[in-house]
Amino acid sequence: MEHHFGQDTAPASGSFDKTRVLNVKPLRTLVPVFPSPSNPASSSNPQGGAPFVCVSPSGPFPSGVAPFYPFFISPESQRLSEQNVQTPTAQRVPAAPISTAVPINSFRTPTGAANGDVGSSRKKDGTGTGRSKRKPQKKAKAQQSGGSVSADVDPDAVAADILKSLNPMVFDVLNQPEGSRDSVAYTLMIYEVMRRKLGQIEDSNRAANSGAKRPDLKAGAIMMNKGIRTNSKKRIGLVPGVEIGDIFYFRFELCLVGLHAPSMAGIDYIGSKTSQEEEPLAVSIVSSGGYEDNVEDGDVLIYSGQGGVNRDKGASDQKLERGNLALEKSAHRGNEVRVIRGLRDVQHPTGKVYVYDGLYKIQDSWVEKAKSGFNVFKYKLVRLPGQPQAYMIWKSVQQWTEKSASRTGIILPDLTSGAEKVPVCLVNDVDTEKGPAHFTYIKDLKNLRPAAPVESSTGCSCVGGCQATNFDCPCIHKNGGYLPYSAASLLADLKSVIYECGPSCQCPPSCRNRVSQGGLKFRLEVYKTKNKGWGLRSWDAIRAGTFICEYAGEVINNARVEELGGDNEDDYIFDSTRIYQQLEVFPGDTEAPKIPSPLYISARAEGNVARFMNHSCSPNVLWRPVIRENKNESDLHIAFYAIRHIPPMMELTYDYGVVLPLKVGQRKKKCLCGSVKCRGYFC
DNA sequence: AGCACTCAGGTGTAT
DNA sequence: ACACCTGAGTGCTTG
């Protein structure tokens, strides 16, 4: 069986406007700072001149407020990018100062009264329905209390803050009539930031019964309201910037990137008015399990029409109108229809994941009786040949899981020899190499050396686990007033340091603030890539913001680094002092990582899966320092988190960064990441 | 042509 | 169980 998994290329390749991406994002300084919980942003260094202060080419950045990370670019590179952009239309707005760039579309009501309050008008309760012009405002919003950190934060103010911090370049990209990989990435990223931030606020406000109950909807509404979206014009066929195999965790994400406009309905179509056509045509469908679809086959989908279900009136016959009519017309017309398949997410049993499975055509349609006894329209959609695998990858993984098919090329079923809770298999289906050079698998850091003492603390006393509503929890305080992780254990926003609970805390191991301590959760595999040696990927999809693993190995000092890096050319060193390039795709990445003192980890002789992660200039994983509370010693770890949603079997990569200046004997390595934004080398 | 209003359409999360 | 938000469609108003 041929495998097409892991093409060893970044997802980005191919469909790019290369003129657009020439500009290089600035490197970021990694200034070592001894964080003090009271003033974590301070860059004053009590140790005095650290030996490795690096200066960013685009700096100097003022200490304190870091530029909103993913978007800050230097004026130079911005100008560059503008020269290089081929502007297709004359109406492109010039780059404007941030404040004026923000509102793309009109705000309906700047006070925030309008957003979200409009809906749900059709309660069939008869009491004063429809008549009143203004719906009653549900939220008595109290946004004035300026002092406290987390109580009564107005969602719209939060959104405005986030938007204000974006680089105008982002809006420039979003304003392009055609979507691009960048515009899609930015849109999803902003949505992610907004959703997580609103969720975080809601979380800590739950007692006060305020905040957005559905952060996904709230964030979506704000985005729509302000026009932060891409590909807003409906189209038949492929959507620029969205690639087959891309995955989504919210219906609003599909909407915002132009893949499927309705926030709920499963059928999207171009109406007879909006297009020049005189009949409606279907453009995309979502098969999400709400109807009795047949999804057994990877290339054929039997899809049910919409309607016929009504909460109040019960089941009824479906009618040939709206989406159903559009599908019918499309069947005759033979136009391509995008298919998004919704699946239960194994990692989050409560949620769903949506897989963009590319283009299909409707081959047949008929009416049949559903289990309810009423008529339902059925449509047979057949996948167009020659498209990359998407849904099929999920099916394969499922088969491997159920053992109804076996993974080919397995060399070792578990290279951790049971050290991890989840087996990590070693696979080679490209050549005959029998495995990477010998090493010992360890889960943790060795020779953990006490880092600089932090403020004396005995840890928290949250016996039942830290709660977002507990404003007295010292661990929450250290993180700036919020738990760093969402209820779904996603990184809520990206701080320079993450303070987790540790040995001296009284909370249980299940505490929400111990996310990086739970070990591996995903079924990873170490596999032979086509041209980059061994790499790492996951059988499971990984949602943006999820903790993946830490970097295990032996903590070594600078002298040893030089020793190893010199002659021996140690490829397995994690070096926290490197400068790394701006990632342009991370939600809420407001601060660069800061480490109390330089940290070097060698994973050559001993290490975990992280040692197999290759470099990419367009990575899908990033690292953050995590400090675990441990009396007066800070227990420092390096944790890896997903930058974006990562589909199964896609290689996991992070940015190795660059060493400036190059150490003696160190040479640059040619980068093979294949990204259009490739720097050409890494260290 | 432009706007106000209604209604279909399910989803995500908590209980 | 519960709280929602967009877009199509319809009908009325206005230039």
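How many helices and strands make up the secondary structure of chain A? In this predicted model, the secondary structure of chain A comprises 11 helices and 27 strands. The chain has 683 residues, of which 55% are classed as buried. Its accessible surface amounts to about 30,300 Å², and carbon and sulfur atoms account for 54% of that area. When contacts between residues at least 6 apart in sequence are considered, 72% of them connect residues at least 24 apart.

The confidence of the prediction varies along the chain. Chain A has a mean pLDDT of 75, with 70% of its residues at 70 or more. Strand β14 (residues 524–528) has the highest confidence, at 98, whereas the lowest, a mean of 28, is found in strand β1 (residues 27–28). The pLDDT is below 50 over residues 1–151, a stretch that nevertheless has 228 contacts in the model beyond near neighbours in sequence. Residues 584–589 likewise have a pLDDT below 50, and for this stretch the model contains 33 contacts beyond near neighbours in sequence.

Helix α9 was examined with respect to its length, burial and packing. This helix covers residues 391–402, that is, 12 residues. At 1.5 Å a residue, a span of 16 Å is expected for α9, and its end C-alpha atoms lie 17 Å apart, so the two values agree. The buried residues of the helix are Y391, I393, W394, K395, S396, V397 and W400. Lysine K395 and serine S396 are thus listed as buried alongside the tryptophans W394 and W400. The packing partners of these buried residues are three strands: β2 (247–248), β6 (336–344) and β7 (352–369). After α9 comes K403, which has a positive phi, near 65°.

Strand β17 (residues 553–556) pairs with strand β12 (residues 445–446) and also with strand β20 (residues 600–602). The pairing of β17 with β12 is parallel and rests on two bridges; in this pairing, E554 of β17 lies opposite K446. Between β17 and β20, by contrast, the sense is antiparallel, and three bridges are present. One of the residues involved is I556, whose bridge partner in β20 is Y600. Strand β17 therefore takes part in both a parallel pairing and an antiparallel pairing, as β12 and β20 are its respective partners. In a regular strand, side chains point alternately to the two faces of the sheet.

How values were computed:
Residues numbered from 1 in each chain as written. Chains lettered and ligands numbered in written order. Predicted model: local features only at pLDDT ≥ 70, side-chain atom pairs only at ≥ 80, totals over all residues. Heavy atoms only, no water. Helix = DSSP H or I, 4+ residues; strand = E, 2+ residues; numbered from the N terminus. Expected span 1.5 Å × (residues − 1). Buried < 20%, exposed > 50% of the residue type's maximum accessible area, 1.4 Å probe, protein only. Contact = heavy atoms within 4.5 Å. Areas by Shrake-Rupley, 256 points an atom, 1.4 Å probe, with all protein chains shown as cover. pLDDT = per-residue confidence, 0-100.
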